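Please look over the sequence and the structure shown below before reading on. The briefing that follows takes up the pocket and then the surface.

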Amino acid sequence: MAKTILRFALMYVVLMLAQAVLFNRICLFGYAVPLVFVYFIASLPVTLSVNWVLTLGFLSGLTVDIFSDTPGVNALACTLLAGSRGTLIRLYVPREEDFTNPEPSVKSMGPGNYAKYLLTVSIVYCTLFFLIDAFTFFNPLRLVIRIVASTALTFTVMLAINSLTTRNEKRL
Amino acid sequence: MRNLFNFLLRYSSWVVFAFYVVVSFVLLFTRNPYQRHVYLTSAGDVASTVYEGASTVTSYFHLRDINDDLQQRLATLEGELLAAQAQIDEMALQIHADTMTTVEALQPYRFIIARVINNSITRDHNYITINRGRADGLRPEMGVVNQNGVVGVVDVAGERYARVISLLNPDFRLSCRLRADDGVFGSLVWDGKSPYEAVLEELPRHTVWEVGDTVVTSGYSAMFPAGIPVGTVTGTSRDNDDNFFKLRVKLLTEFDHLSTVRVIANNMADSIKAVEGADQ
């Protein structure tokens, strides 16, 4: 238990720093921004209570907001993502008993389902983020391109992180 | 009472969810940057320490480009210095020494050199974090320039760090004029399309312009002295209304590799403000 908490605390710090220092500065072709820190929210154990998922989601959003001067944008998008996370998981693994391990991963969900789950998380988060960001500043075509491009990039980088952090046999 | 308690317990996740959503909305719609707390911005202690660390590595990346810019700027300034010196010599012959004002009185501006430790160009509202703060004499609403032109304006000043509203932020409007035509002035604002371009709005219809004209600050605010270069005109913007028209401006500052900037401390700003606020 303590080991799990420590592992997630470390993951939180590393992902937040990476997002602030590295990923926030990337903008491929002027459109694609990797919003990779949501990998933290996606990886929280399914057995964790909804209140904790919401709290950790909100906090990670707020942290990224502070670093990137986007007050409330990530916090709101993360809270909404954290709130819908249970539904997203049940899309691919209908029964909780089917999980061999409480954390969503290749091992616990199967490679196909896990990839679909990460893609869905990317789509939901990028859509929420750019919609909220566009409140004050509306340009429909640019918005759609940004959502699609950022979803693709976020998904790719999350897969890369996943294959770097898990051992060989469990990789996608 | 017990029913209420049971109700809250049963729907506790909805209560928590609603609470976080409300907090996010409060953050989202407190748009006035001057009222925001410094710890919720990149000028806060933790965020600025992280950026300072990262910037000690990344600040080396663009040294070659910056060096070229500096050489260019140096050459221009040397030319201007020689011209000014010639003018001073000429004037010194015409005017007696006792009628000349001191150099200090002619220069109400002072520069504070700062390093950019965080910068964004990809968002809709872009900000820059610099490693100078209140302790170095920075105050909100001070102008920021680099060797090429205008960069932005300080909006949150922490003790050792400050956040600057970038020119690439639609919240920031800059009063500008065309260098070729002293009479007309408009306001420069970013339209969010490209980090290399902005729009000069509210120009009177009779403005005479050419592609390549230099756009400079008007000096109508205490933030920037008049005549600081901002960009060059690339063409007219399509959505013109009847009374005013707009020009597209290519910005001279290259926001994708900012490193060292100068904050303009205007020694007269307080007196100008006092005069402007006198009748309110």
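**The largest pocket and a nonpolar patch**

In this predicted model, the lining of the largest pocket draws at least three residues from each of two domains of chain B, namely domain 1 (63-169 + 258-266) and domain 2 (174-257). The points below describe that pocket and then turn to a nonpolar patch on the surface.

**Pocket**

- The largest pocket has a volume of about 1400 Å³, and of the 38 residues that line it, the closest to its centre are B:Arg73, B:Leu77, B:Glu80, B:Phe111 and B:Arg262.
- At least two residues of this lining are supplied by each of helix 4 (63-94), strand 1 (109-119) and strand 12 (260-266) of chain B, and the largest share, 14 residues, comes from helix 4 of chain B.
- By residue character, the lining of the largest pocket divides into 20 nonpolar, eleven polar and seven charged residues.

**Surface patch**

- A nonpolar surface patch of about 800 Å² is formed by B:Met1, B:Leu4, B:Phe7, B:Leu8, B:Tyr11, B:Trp14 and B:Val15.
- Helix 1 (2-10) and helix 2 (12-29) of chain B each contribute at least two residues to the nonpolar patch, with the largest share, three residues, coming from helix 1 of chain B.
- Among the patch residues, B:Leu8 lies in helix 1 of chain B.

Key
Residues are numbered from 1 along each chain as its sequence is written. Chains are lettered from A and ligands numbered from 1 in the order in which they are written. This is a predicted model: local features need pLDDT of at least 70, side-chain atom pairs count only at pLDDT 80 or more; totals for chains, interfaces and linings use all residues. Side-chain values use heavy atoms; hydrogens and water are left out. On a 1 Å grid over the protein atoms alone, a cavity is a set of points where a 1.4 Å probe fits but cannot get out, and a pocket is an open set with protein on both sides within 12 Å along at least five of seven lines; lining residues have an atom within 4 Å of a point. Grid points are joined across faces, edges and corners, and a volume is the space filled by probe spheres set on the points. Helices (H or I, at least four residues) and strands (E, at least two) are DSSP runs, numbered from the N terminus. Ala, Val, Leu, Ile, Met, Phe, Trp, Tyr, Cys and Pro count as nonpolar, Asp, Glu, Lys and Arg as charged, and the others, Gly among them, as polar. Domain bounds come from an automatic or database domain assignment. Patches are made of residues with over 30% relative accessible area and no salt bridge: like charges are joined within 9 Å, nonpolar side chains (Val, Leu, Ile, Met, Phe, Trp, Tyr) within 5 Å. Accessible areas come from the Shrake-Rupley method with a 1.4 Å probe; for residues, only the protein chains shown count as cover. A salt bridge is a side-chain nitrogen of Lys or Arg within 4 Å of a carboxyl oxygen of Asp or Glu.
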